[in-house]
Amino acid sequence: MQSVGGSKCFWGFRSLIQRKEVDSVHVGRREGHHQLARILSVTDLIAIGVGATIGAGVYVLVGTVARECAGPALTISFLIAGIAAALSAFCYAELACRCPSAGSAYHYSYICVGEGVAWLVGWALILEYTIGGAAVARGITPNLALFFGGLDKLPSFLARHTIPGLGIVVDPCAAVLVLIVAFLLCTGIKESSSVQMIVTSVNVSVMLFIMIAGGYLGLKNGWVGYELSSGYFPFGINGMFAGSAVVFFSYIGFDSVTSTVEEVRNPQRDLPLGIGIALFICCILYMFVSFVITGLVPYYDLDPDTPISSVFASYGVEWAVYIITTGAVTALSASLLGSLLAQPRILMAMARDGLLPSFFSDINKKTQVPVKSTVTTGIFAAVLTFFMDVSQLAGMVSVGTLFAFTTAALSVLILRYVPPDEVPISSALKESITSASLQTGRTNRESDRENLPLPAGSSKDDSQYLREIGEAPLGYPLIQKVLSQDNRNEQKRRKIAAWAIAFLCIGTFTFAFAASAKGVSSILRFTVCGVSGVLLLCCLIVLTCIDQDDTRHSFGHTGGFSCPFVPFLPAACILINTYLLIGLGAATWIRVSVWFAIGALVYLFYGRSHSSLYNAVYVSSAYANEIYRSSSDHAA
Ligand SMILES: NC(=[NH2+])NCCC[C@H](N)C(=O)O
C-alpha cells in the first residue's frame, strides 16, 4: 500500500504553494474565532482611506518633485500616479468582494498564490506599517513645534534630545503621539474611525483652503508661476513621468481600508466604494493643490521642506502658515492612525492562519478589537520612533506597498483563470481518498448538513453555503475539491492559463528591469525590452482566448465588484508596480533582503509547521490513510 500520511517531505515543499480556499463572509464566522465588531459604513471607510493616504506626500514631497523632476507638470504627474494607483484599487476592490473573510494583500495572496508568497507579503506589510508609521510620527514633531515657535521652543520633555556620545536624536513627542494613537485604537473601531473622520475632515478642509485661497491669489496677481516657467514641461515628458514615480508615494495607504473588512457592515458593497471614493478624493485634491502652488510661484523657487506654507508666506499671507501647518499635523496624524490600524489586523489574520502565535489573534471581548496586537504594534512603533529617524528608510515602506500591489494584481489574474478551489495533493493521496470515500460511502453533505450550525440568515438550501460545504468526504472537505474537478478539459485550460500567467510575470519582470537598467548599451536594452514585450503580448493574447472562471458572477448575495479589462488591467498593474519596485534602488533592496531573510527563518522554524492549512491537510492525509488502512483490513 502507498503511504500517504507519511509523505511529510512532500508537504514540506508543498506548504510553500498550498493555498487557502476561496472564502466567503460566512467562513470566518464558522471557524470559531471571536469576531470583530461589524459597524463600519462607507463613510467610515472613506475617512479611513483618505486619512491613511494623505500625508507627507502632498505637504512635503511636492516641492522637491516640482523643482527636480516635473516643474508645473506636477499636476499631470499626480494624475498619472493616481491612474496607476487606481489600477491597484480596481484589483483590491474585486479581491475584497471575492475573498471577504479577511483583508489585505496577505489574505488575497494566501488564497491565490500560496502560503510562501502570502507570508512574504505579510512580512513586508509588517515592515511597511511599522516603519511607515514611525516615519510619519517623526514628521509630526517639527510641524507641531511651529506652533510653539520652532523646534527649540518645545517644552523640554517633548523636545528632541541628542544622546551624548551616541549621536542618537531621540524624539519623545513623536513616541508619545504613537502611544496615544495606539491607545485610541484599543478603545474600539467606532471610536477610532470617528476620530479619524474628524482629523481627516480638518485636513481636507485645509486642502480646500489651499485651493480656494491660492486660486484667489492667482486670479488677483496673475499666475506668475506659469508665466515665469520655461514652458509647462521644463524637464520634458520624461521628467513628468519620473515625477509621477516619486509622487506615487502620496497614494500609498488606501489599501489599509481592506484590512478592516471584518468590521464593515456590508463589505462586498462598501469596500469597493470606500477604496474607490477615497482614492478619487485624494487624486482630485492632489491635482488641484499642485496646480495652485506651481502656479503661484515658479517651480524653481519652491521651498523643498515647507513648499505650501512658504508659497503663502511669499504673498505676505503669514497667518496661512498656521492653517497649513494644522493641515500637515492632522494629515500626518491620520496617516499614522491608518498604519497603526492596519498592522494589528494583518498580524491577527496571520495568527489565525497559524503563521504567528495565537497571542496576536486575541480579540478583546469588551472593545472587540485585537488589543494585544495593537498594543504590541504601538510599543514597537513607539520605540522605533523614539530612537530612530527612519526617514532614510522610506524606500522600505514603498517595497511593502508595491509588493502588496503586485501580488494583488497577480491574485486577480489567478482568481479569474486558475481559481484555487483545489489543494495540491499527491496522486497517491487522491487515490486513497477516493477508495476511502467509496468505502465509507458518506459525504459531508449528508452528515454535516444535519450537524453544522448554519450561519445567521441562511437557509439549508442556501446555495452559497452548500458550495462552501461541498460534496466532500467525511473529514476532509478541502481535499475532495480536487476529486470533484476531474474534468480533463478544465485541467488543460487551467494548465495553459497557469503557464501564461507565469510567463506574463517573467516577461513583465524582464521588461521592467531592462527599461530601468542604467549603464547598459541602449541596443541591449531595446532588444531585451522588445523580446520581453513580445512575450508579454503573447501571454495576454493566450489569456484573452481562454475562458475565465465564471463563479465570479455568482459570489455573494449582495453582488460585487468585478475588475474591468482582465487580463490587461492587472497586467499593466504588475508592470507599473514592478517598474517602481526596481526603481527603489540597490540600497533599499539590500536592507529589505535582510528583513526578508529574517522572515524566511521565522517561517521555516515557526510558521510552516504551525500553519493551520498545513496541519489541516497533513492531518487529513494521515486520517485518509488511516481510513484506507482500516477499510482494506476490513475487506480482507
Ligand atoms: N501605510 C503606509 N505606508 N503609510 C504611509 C502613507 C504615506 C502617505 N501616502 C503620504 O503621502 O505621506
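This report walks through the ligand site, a surface patch, some salt bridges and a few backbone oddities.

## Before we start

Keep in mind that this model is predicted, so local features need pLDDT of at least 70 and side-chain atom pairs count only at pLDDT 80 or more, while totals for chains, interfaces and linings use all residues. Residues are numbered from 1 along each chain as its sequence is written, and side-chain values use heavy atoms, with hydrogens and water left out.

## Around the ligand

Let's begin with the ligand, which has 13 residues around it. A residue is near the ligand here if one of its heavy atoms lies within 4 Å of it. The closest are Thr53, Ala56, Gly57, Glu128 and Ile252. Four helices, α3 (42-53), α4 (56-70), α7 (115-148) and α14 (320-352), each give at least two residues to this shell. Helices here are DSSP runs of H or I with at least four residues, numbered from the N terminus. Sorted by class, the shell holds six nonpolar, six polar and one charged residues. For that sorting, Ala, Val, Leu, Ile, Met, Phe, Trp, Tyr, Cys and Pro count as nonpolar, Asp, Glu, Lys and Arg as charged, and the others, Gly among them, as polar.

Backbone atoms of the protein also sit beside nitrogen of the ligand. A backbone N or O atom of Thr53 is 2.6 Å from a ligand nitrogen. For Ile252, a polar backbone atom lies 2.9 Å from a nitrogen atom of the ligand, and for Ser250 the corresponding distance is 3.2 Å. These are polar contacts, meaning pairs of N or O atoms within 3.5 Å (within protein, one must be able to donate a hydrogen and the other to accept it, and residues adjacent in sequence count only if both atoms are side-chain atoms). On its own the ligand would expose 350 Å², and the protein buries 98% of that. Accessible areas come from the Shrake-Rupley method with a 1.4 Å probe, and for residues only the protein chains shown count as cover.

## A nonpolar patch outside

On the surface, Leu179, Val375, Ile379, Val383, Phe387 and Met388 make a nonpolar patch of about 500 Å². To join a patch, a residue needs over 30% relative accessible area and no salt bridge; nonpolar side chains (Val, Leu, Ile, Met, Phe, Trp, Tyr) are joined within 5 Å, and like charges within 9 Å. Helix α15 (residues 371-387) brings the largest share, four residues. Val375 has its place in that helix, and it is partly exposed at 37% relative accessible area. The scale runs like this: buried is under 20%, exposed is over 50%, and partly exposed is in between (1.4 Å probe, protein chains only).

Ser290 sits at the other end of that scale, buried at 0%, in helix α12 (residues 267-296). Its C-alpha is 6.4 Å from that of Leu74, although the two are 216 residues apart in sequence.

## Salt bridges

Side chains of opposite charge can pair when their charged atoms come close. Counting a salt bridge as a side-chain nitrogen of Lys or Arg within 4 Å of a carboxyl oxygen of Asp or Glu, there are nine of them. Arg98 pairs with Glu94 at 3.4 Å, and both lie in helix α5 (residues 74-98), four residues apart, about one turn. Arg98 is buried at 5%, and Glu94 is buried at 0%.

Glu263 and Arg345 meet at 2.9 Å, N to O. Glu263 lies in the loop between α11 (236-247) and α12, and Arg345 in helix α14, so this pair ties together parts 82 residues apart in sequence. Both Glu263 and Arg345 are buried. In helix α21 (residues 488-516), Arg493 and Glu490 are three residues apart, about one helical turn. Their closest N and O atoms are 3.2 Å apart; Arg493 is buried at 15%, while Glu490 is partly exposed at 23%. Salt bridges that share partners also join Glu94, Arg98 and Arg416 into one network.

## Backbone oddities

The peptide bond from Val566 to Pro567 is cis, with omega near 10 degrees. Pro567 belongs to the loop between α22 (522-545) and α23 (568-582). Phe565 lies in the loop between α22 and α23 too, and its phi is near 50 degrees, a positive value in a residue other than glycine. Phe565 is exposed at 65%.

Gln368 also has a positive phi, near 55 degrees. Gln368 is found in the loop between α14 and α15 and is partly exposed at 32%.
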